[in-house]
Amino acid sequence: MKRWITAWVLFVVCAGVGVAQSPASTQKLWYRQPAVKWEEALPIGNGRLGAMVFGGVQEERLQINEDTIWAGEKRDRNNPNGAKAVIEVRRLLLAGKIKEAEEIADKNIISTPRRLPMYQPFGDLKLRFQGQENASEYARKLDLDAGVARVTYKIGAVQFTREVFASVPDQAIVIRLTSNQPGRISFAASMTREQDVTMSLVARNRVVMGGEAIARDDRHPDERKVGVKFQGIAQILPEGGKLRVEGNELIVENANAVTVVFVAATNFKEKDPAAKCEQYLAAAKKPYAKLRAAHVADHQRLMRRVAFQLAAAAPDLPTNERLKRVQAGETDLALETLYFQFGRYLLMASSRPGTMAANLQGIWNDKLAPSWDSKFTININTEMNYWPAEVTNLSELHEPLFGLIENAREDGRRVAKNLYGARGFVMHHNTDAWGDAVPIDGVGSGIWPMGAAWLSLHLWDHYDYTRNKVFLEFRAYPVLKEAAEFFLDYLQDDGKEHLITGPSISPENRYRTGDGAIGKMAMGPTMDTEILHALFSRVIEASEVLGKDDDFRKKIAATRDHLPKLQIGKHGQLQEWLEDYAEPDPGHRHISHLFALHPGNQITLRGTPDLAKAARTSLERRLQAGSGHTGWSRAWIINFWARLEEGNTAHENIVALLAKSTHPNLFDNHPPFQIDGNFGGTAGMAEMLMQSHAGEIHLLPALPKAWASGEITGLRARGAFEVNLKWKEGQLITASVKSLAGLPCRLRVGVPVTVTAAGKAIKVTSSDDGAVSFSTKTGMRYVVTPTHSTRAAVGSR
């Protein structure tokens, strides 16, 4: 009853702004047919285990992953010629001899072997049904609110139902099969994998499969044929009926209902995966109702922190048909809010405390040799995966990324010392389950020593959103300091009183010199400088907050002062390199030099208007030349336009993301599937509604006309605030700000407001630029109400 009342109250409140459906009722993906392709299947996950649910009538396929199944091993990958080569490559780059520098770097700095290990699938769990032809009333759904995939259909008068979920509390994937008539559940269960299965067993009520992840593709010729060993068990628990073994299948006949519990473990973390599987099964030995209730409670504890609705009813159409309508030019605002929550769902399903971080595909991968090895690409993609973590109130899901950074520090120190002769730790553009920090692949992507610097900023963000000083002192600051320490030794004097990076690149892009030469490597690319400015600024502020390391702070501040200034080029654009080079690929997918606009905050509309204008010009030029053709690139563009407070243009790119870069199951399409675009899209929508990067909480900074009326609750802002917003016809109706740390609050609304707490007006201080400030108390919620109806138009500044 309490849950029903909560939903009803939310319906009534939302109805005031024209929203006609409760959040839970619209948070479903659904289809009228089973998945045929992998990109049509529905994802479930608990951070460690993931599965794609196909929902077939005659055969149910669960393609399963476990997050530590990687084909490779921990080994020294440093190129022994690297240290000498770095010095020579710098000399050649400064002398303008780009080709010679790149040839030496590719041969002597890139790691040996040149690629890192890959992430591989566990395999498939299949349930093969007999006598289930001619199904009717078929429906396949993914309930984001409950975290449960569901399949229903009829065979004659018999209604069949399947539910599938991945439980965090019980560390298992659970399948429940029922019907409305007794004795109707019959199927054959088996597990398969394309290669490297070392053990397969069917006995009693179990199907068991073990194997080893081994790289056998042409891209990894130098990778030794060893990998992570794994084992999985599917335990079949029928209610009524018979259970028997037939060959490599476990046969269930005429049961009333069946529960299947799948568990898995590897030797990456466990000495004895088989024993660990037994522990998981013992812990999950509960009635199905209890397994489901524990899962749903854990899931909703996170999912229900944020609700987002717009004044538009969801059409009663399957998700794939709605997506086709958007591709044809129709508007579906409810699909946009569904996409927002789907991004949060995917982070919950692929990143939980104690698991691996979400990789290029989150946790879902069906290929033994996936694109880009489904690793951690840290020159944008892995960072983008975690952009929604803090702002959409999933702060604890950031934890696996911090674990990834910690895991890489050991090798990062070794690479810093052996390759660059530097202190601190360094990472390049990729890492893996073992935390490898070497430059890989080739000079066009691998010679980029900024990975640790960028990743470490996420630790600061976690502090900034939570203001947990214990976390800052013992987790964040040591990493930030060590990342900064590397650059004190690494930076080079350019002879013009500047300290610059190099050898480096502007990720995966190229430039053309005045004499027509095409280059990849350079000294001092703009993005490097922007990341360092952010890193050094966070180290300085952290040191001040903690009251420690005065001398180190002064050294960092002096180094920051000698970084090159951001420059505006001949087209009015923000320069991507120290020189105003021409661009061989003006529509490149990476827009790295706008890091200072987003996710950084060195460029802001009000603080640096000239640079903001130059950033806008760069963005426009990229788009005019065709950028945004990959899903994650389009998602980044949404965030850029949100920071420029161009709501209508940001929304156009949301529509483009759905229409051009989204699979039928709402997975992001790079192509192929990469999960970063999902996360970047969700984060971009939050940025349109609330921003806090410029020292203030800006309400509805980039509200598009399409989102004229709506409500969002539960967003988090820097400074440890929780923000709720309601607006109608492009005008703020009310907002509330809950203080979680008792810090002063500075708000930008665009109109005069009154602020009350516990029904009483509080004193606010207005600034000349239109912001208001007031003191707060921890735990107190402050209601913000416009005092008159004169408001700025939506989608504009």
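**Paired strands and a charged patch**

Q: What makes S2 and strand S3 (residues 49–53) paired strands?
A: 4 bridges join S2 to S3, and pairing takes at least two bridges found by DSSP, so they count as a pair. The two strands run antiparallel, with Ile44 standing opposite Ala51 in S3.

This is a predicted model: local features need pLDDT of at least 70, side-chain atom pairs need 80 or more, and totals for chains, interfaces and linings use all residues. Numbering starts from 1 along each chain as its sequence is written, and side-chain values use heavy atoms, without hydrogens and water.

Q: Why is one side of S2 and of S16 left without a neighbour in the sheet?
A: Strand S2 (42–45) and strand S16 (242–246) stand at the edges, each with a single partner strand, so nothing in the sheet flanks the other side. The open sheet has 7 strands, S2-S3-S4-S7-S12-S17-S16, with antiparallel pairing. Its twist averages 20 degrees from one strand to the next.

Q: How do you know that S36 pairs with strand S37 (residues 771–774)?
A: They share 2 bridges in the antiparallel sense, so the cut-off of at least two is met. Thr765 stands opposite Ser773 in S37. Both strands belong to an open sheet of mixed pairing, S28-S29-S33-S37-S36, whose edge strands are S28 (690–691) and S36 (765–766).

Q: What makes Lys99 part of a helix?
A: Lys99 lies in H4 (residues 98–108), and a helix is a DSSP run of H or I with at least four residues, so H4 qualifies. Lys99 also gathers with Arg510, Arg512 and Lys520 in a surface patch of positive charge.

Methods
Patch = residues over 30% accessible without salt bridge, like charges linked within 9 Å, V, L, I, M, F, W, Y side chains within 5 Å. Areas by Shrake-Rupley, 256 points an atom, 1.4 Å probe, with all protein chains shown as cover. Salt bridge = Lys/Arg side-chain N within 4 Å of Asp/Glu carboxyl O. Lys, Arg positive; Asp, Glu negative; His and termini not counted. Charge placed at Lys NZ, Arg CZ, Asp CG, Glu CD. Axes fitted to C-alpha atoms, helices over the stretch in contact; angles between N-to-C directions.
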